[in-house]
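I opened the notebook to look up ring contacts and surface charge. The entries follow in the order I took them.

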Amino acid sequence: MATPQSTFYKVVAKNSKYKIDLTDIATEISWGDEDGELAAKATITIDNVVWKGRRISNQLPLTTWIFVYTSTDKSSWKERFRGLIWEYEVKDESEEEYTMLCYDRLIYLTRCKDNIYIPKNKTTKYILSKICKKWHIKMSYKWYTHKHSKKKFYGEYLSDMITETMESARRKLRVGYVISMDKSVMYVRKKGTNNYTYSFASESNTVSVSRKKSMDELVTKVLITGTAKKNGHVPVKATVKGSYKKYGTLQEIVEKDKKTKMRTAKREAKNILQDQGRPAEEIVVETIDVPGIRKGHAVKVKSGALNGTYFVTAVTHDGKTASMTMELEVIRKNEQYRR
């Protein structure tokens with residue numbers, strides 16, 4: 001069970017000229033992982049004091065390294081975030097407040113395009129290793145692997161190449177994955193492989209829980225259509241059905257041209273139903289801060305209608321209030337969860 005304890009936070013800036021402890025002048029310290037984003041993010045706001053005869057913001061330009069540490073005794077510090085100042089803002093005319101938006105190095109993969117050719121029968125690990133090696137990123141691969149068909153990535157973002165490769169393997173293997181950076185190393189892991197599973201309960205440490213279900217993006221039937229005839233008629237070649245009897249018909253279309261094989265089109269239709277074939281569920285838990293929790297970790301929650309183990313899809317740690325907001329997902333029955 002996660003219980004309240006004294007957690008201390010420290011923020012340090014490092015560049016080629018200075019190493020500056022920003023802790024005492026920080027008014028906002030937040031960091032974490034966002035759903036659907038590769039790079040971790042931190043937002044640090046400080047009082048823009050005079051330091052060495054100038055506003056301290058002048059000593060913190062873009063690409064300055066920002067480190068966030070936590071400790072329970074102020075003697076042993078654990079690094080929680082390492083990233084670069086990507087954007088900054090000086091508020092009001094007096095310039096008394098300075099806000100830094102920081103990302104870890106994976107942000108570069110989301111901003112850079114490249115051309116990479118992958119021959120057929122190469123593994124998931126091989127493809128990610130090739131991308132990371134070319135872009136000088138250290139990688140630790142601790143996930144399953146899968147042999148892929150030939151891939152031609154032309155003019156695509158590096159992050160999209162990685163996501164497409166991982167999603168293709170996930171659908172085949174049905175094993176969840178998470179990609180994160182820790183101390184400048186990109187880790188590829190199974191979901192739920194955290195060493196300790198924290199428990200949160202409404203009567204002891206959970207501030208609030210919200211849960212929402214929606215059919216907005218639900219798909220229950222996919223039509224596979226052929227090429228339009230001269231008279232404008234579009235023939236239906238096949239239909240792949242999901243939970244239409246339970247939720248009604250919410251239809252998507254996969255267009256199959258003459259070159260595409262039917263099994264390829266059906267695979268695409270099945271992938272749509274696998275990803276969107278159930279109502280979307282949003283679970284948000286606000287609780288005490290546990291600084292070590294990251295996206296992909298498994299946590300236990302017992303509060304109201306929630307009673308079980310869930311995966312963290314996003315998390316924000318607040319170093320000023322010692323609180324944490326987690327977004328969770330129910331562990332799918334068709335995906336393996338191995339402890």
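**Aromatic pairs.** I counted the ring contacts and got 10 aromatic pairs in the structure. I then looked up Trp 65 and Phe 67. Their ring centres are 6.4 Å apart and their planes stand at 35°, so I filed the pair as tilted. This is a predicted model, and I read every value with that in mind.

I went on to the pair of Phe 67 and Tyr 69. I noted it as stacked, at 6.1 Å centre to centre with 10° between the planes. For the label, planes under 30 degrees apart count as stacked.

**The cluster.** Which residues form one aromatic cluster? I wrote down Trp 65, Phe 67 and Tyr 69.

**Cover on the cluster.** I checked each member for accessibility. Phe 67 has 7% relative accessibility, so I entered it as buried. Tyr 69 is at 14% and therefore also goes down as buried, because the limit for buried is under 20%. Trp 65 counts as partly exposed, with 26% relative accessibility.

**Surface charge.** I turned to the surface next. Which residues gather in a patch of positive charge there? I listed Lys 172, Lys 261, Arg 263 and Arg 267.

I followed up on Lys 172. I placed it in helix H3, which covers residues 158-173. Is Lys 172 buried or exposed? Its relative accessibility is 52%. Exposed means over 50%, so I entered Lys 172 as exposed.

Notes. Residues are numbered from 1 along each chain as its sequence is written. This is a predicted model: local features need pLDDT of at least 70, side-chain atom pairs count only at pLDDT 80 or more; totals for chains, interfaces and linings use all residues. Side-chain values use heavy atoms; hydrogens and water are left out. Patches are made of residues with over 30% relative accessible area and no salt bridge: like charges are joined within 9 Å, nonpolar side chains (Val, Leu, Ile, Met, Phe, Trp, Tyr) within 5 Å. Accessible areas come from the Shrake-Rupley method with a 1.4 Å probe; for residues, only the protein chains shown count as cover. A salt bridge is a side-chain nitrogen of Lys or Arg within 4 Å of a carboxyl oxygen of Asp or Glu. Lys and Arg count as positive and Asp and Glu as negative; His and the chain ends are not counted. The place of a charge is taken as NZ of Lys, CZ of Arg, CG of Asp or CD of Glu. Helices (H or I, at least four residues) and strands (E, at least two) are DSSP runs, numbered from the N terminus. Buried means under 20% relative accessible area, exposed over 50%, partly exposed in between (1.4 Å probe, protein chains only). Rings of Phe, Tyr and Trp (its six-membered ring) pair if their centres lie within 6.5 Å; planes under 30 degrees apart count as stacked, over 60 as edge-to-face and the rest as tilted.
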